[in-house]
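Trainee: Please take me through one part of this model in close detail. I would like to look at the aromatic rings and what surrounds them.

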Amino acid sequence: MDVYYCGFNGFRQVPLAANSDTLTCLTLHTKSAKVVDVAVCWNYLVIAEKDRVTKYGLVNSKPGLQHLDPPPGSGDLIQLSATPRHLLSVTSTGECWTHEEGKGWRRVLVETEAPEEVVTPSDDTTTTASTLLLEEGIGDTGKERGGGGDPLIIINQKSNTKTTSENTTAKHNKLLITSATTTTNNTSTTANNSPENEENPVFMVKTACGDYHNLGLDSQGQAFSLPSPLHIHGFPGSPALKVTDVACGKEHCMALTDSGQVYSWGGGTRGQLGHSILASEYKPKLIMALDGIRIRKIAAGGWHSAVISEFNDLYMFGWNESGQLALPTNLARPAECFSAVEKLLMACCTMQAEDAAIPRGDTEDTEVYRKHGDEDSECQTIDPDKEGLNCYSPAACENSNDYIMVQPVPLLITISGKNNTEASVLDVGCGSRHTVCLTEGNQVWSFGWNKYGQLGLGDNKSRDHVSKVPLPKFTHRGSEIECLRCGDWGTVLIVQPGKKNK
């Protein structure tokens with residue numbers, strides 16, 4: 001497989017192009033037949049091969065790369081997801097593993113029965129999974145938010161007793177992450193509770209993770225809000241639905257059932273849940289606007305979502321501040337001209353790019369709103385007292401009903417290709433505030449935020465309309481784009497090279 005990348009390169013995500021902080025065109029990153037998956041975060045790019053994982057970017061607070069051995073065991077890596085804090089992976093033996101800097105690989109053991117109450121944090125709260133652990137006395141109580149706790153443990157609200165080796169080996173154990181290197185009696189006892197010796201083994205096939213959520217999916221169609229089972233019902237009292245795919249944004253989650261229905265939950269104040277209202281949901285809720293349309297693919301971005309129907313139509317909903325829904329928005333509008341409500345929606349955009357060298361416990365977006373036409377200057381902190389007095393042209397500050405800031409209901413997005421084939425969407429990926437689509441005929445399209453060239457269009461100008469991505473000249477004719485991956489500020493294409501002509 002050949003891996004091509006475009007977007008933020010400030011931490012040498014592409015070592016061969018280390019002299020450029022932004023890669024505005026798709027650039028060859030890796031050529032390896034063993035590539036099985038790729039994950040993109042603002043601070044690193046992760047490439048998973050069958051027998052190892054490689055992180056390119058910010059490693060141990062410095063730009064570089066790190067080769068990680070595969071998780072312990074006999075299985076090969078088959079899938080990977082990542083946040084700036086940790087990795088989640090699945091092996092061919094159905095095991096789920098997580099990795100954090102300084103902690104190594106740790107096994108994630110899922111529960112076979114859901115607890116009575118599972119707390120799902122949303123964007124209405126500032127409490128993270130790690131702080132929940134601190135409140136319950138679990139994890140590294142002496143560390144700050146950025147480095148303490150086990151983010152994959154969901155606290156069981158029914159019991160607040162301390163975990164011991166006895167209740168760890170009980171039928172419903174609550175210590176669900178085990179160290180691959182620790183040899184104490186407690187962890188050794190837990191490590192023996194592998195799927196091979198469980199009465200009902202859980203064979204994991206996929207993971208997805210965001211700021212507040214870690215999802216999993218097993219081979220039987222059971223979804224997990226790790227480590228607890230997540231039961232999705234069509235109506236109260238009905239059997240749980242079989243899930244075929246899961247996705248995570250920064251604050252929201254999506255699940256696709258075998259009947260083509262889409263459920264969403266989590267933070268919803270930017271319309272990313274598709275429920276026609278700007279409110280959060282604490283349990284999976286059917287997206288009624290899509291009911292009756294069989295969906296086959298889902299994707300979740302920072303604060304927007306995308307789905308593809310069985311007829312290869314693309315539907316999108318959520319935040320459109322940077323044109324990530326391919327709907328008209330005022331890309332030239334400076335921050336001080338937004339209304340108070342709009343500024344509240346942008347409150348997450350506070351972290352400066354130069355601060356990224358200091359690892360933090362969340363994935364705050366770091367876009368800084370600056371004067372239109374100043375894209376090439378260094379990212380600098382804006383003094384709100386001074387900037388607030390300096391407005392721009394009246395046209396830039398003008399409110400218009402033609403601009404769409406939030407789209408809380410799924411909307412059909414048209415891709416104007418030369419023919420119906422180019423308009424047929426096969427795959428879609430969502431980054432922090434950009435979207436990339438793959439259509440039939442090896443055509444790639446992108447739109448949204450483009451400060452770091454993540455759209456792959458050769459410049460840094462954001463787009464609120466669908467634009468065709470110029471593809472590099474693949475080595476051999478017959479090469480095919482297998483899939484695409486989008487992360488915070490980057491885009492990856494995984495290409496299957498064509499056969500050489502003899």
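Mentor: Here is a walk through the aromatic cluster and the sheet beside it in the numbering.

This is a predicted model. The chain has six helices and 29 strands. Of its 502 residues, 54% are buried.

Now the rings. The chain holds nine aromatic pairs. One of them is F8 with W489, an edge-to-face pair. Their centres are 5.1 Å apart, with 85 degrees between the planes. F8 sits in strand β1 (residues 2-8), and W489 in the loop between β28 (480-486) and β29 (490-496). That pair links positions 481 residues apart. F8 and W489 are both buried.

W489 has a second partner, W42. Here the centres are 5.9 Å apart and the planes stand at 40 degrees, so this pair is tilted. W42 lies in the loop between β3 and β4, so its pairing with W489 ties together parts 447 residues apart in sequence. W42 is buried, as is W489.

Ring pairs extend the group: F8, F11, W42, W449, Y452 and W489 form a cluster. A charged residue also meets this cluster: R433 lies over the face of W449, 4.2 Å from the ring centre.

Next, the sheet. Strands β3-β4-β5-β6, in that order, make an open antiparallel sheet. Its edges are β3 (35-40) and β6 (62-68). Neighbouring strands are turned by 10 degrees on average, direction ignored. Six bridges join β4 (residues 44-49) to β5 (residues 52-59). In this sheet, A48 stands opposite V53 of β5. K55 lies over the face of Y44, at 4.4 Å from the ring centre.

Conventions. Residues numbered from 1 in each chain as written. Predicted model: local features only at pLDDT ≥ 70, side-chain atom pairs only at ≥ 80, totals over all residues. Heavy atoms only, no water. Pairing = 2+ DSSP bridges. Helix = DSSP H or I, 4+ residues; strand = E, 2+ residues; numbered from the N terminus. Axes fitted to C-alpha atoms, helices over the stretch in contact; angles between N-to-C directions. Buried < 20%, exposed > 50% of the residue type's maximum accessible area, 1.4 Å probe, protein only. Phe/Tyr/Trp six-rings, centres within 6.5 Å; stacked < 30°, edge-to-face > 60°. Lys NZ or Arg CZ within 6 Å of the ring centre and 35° of its normal.
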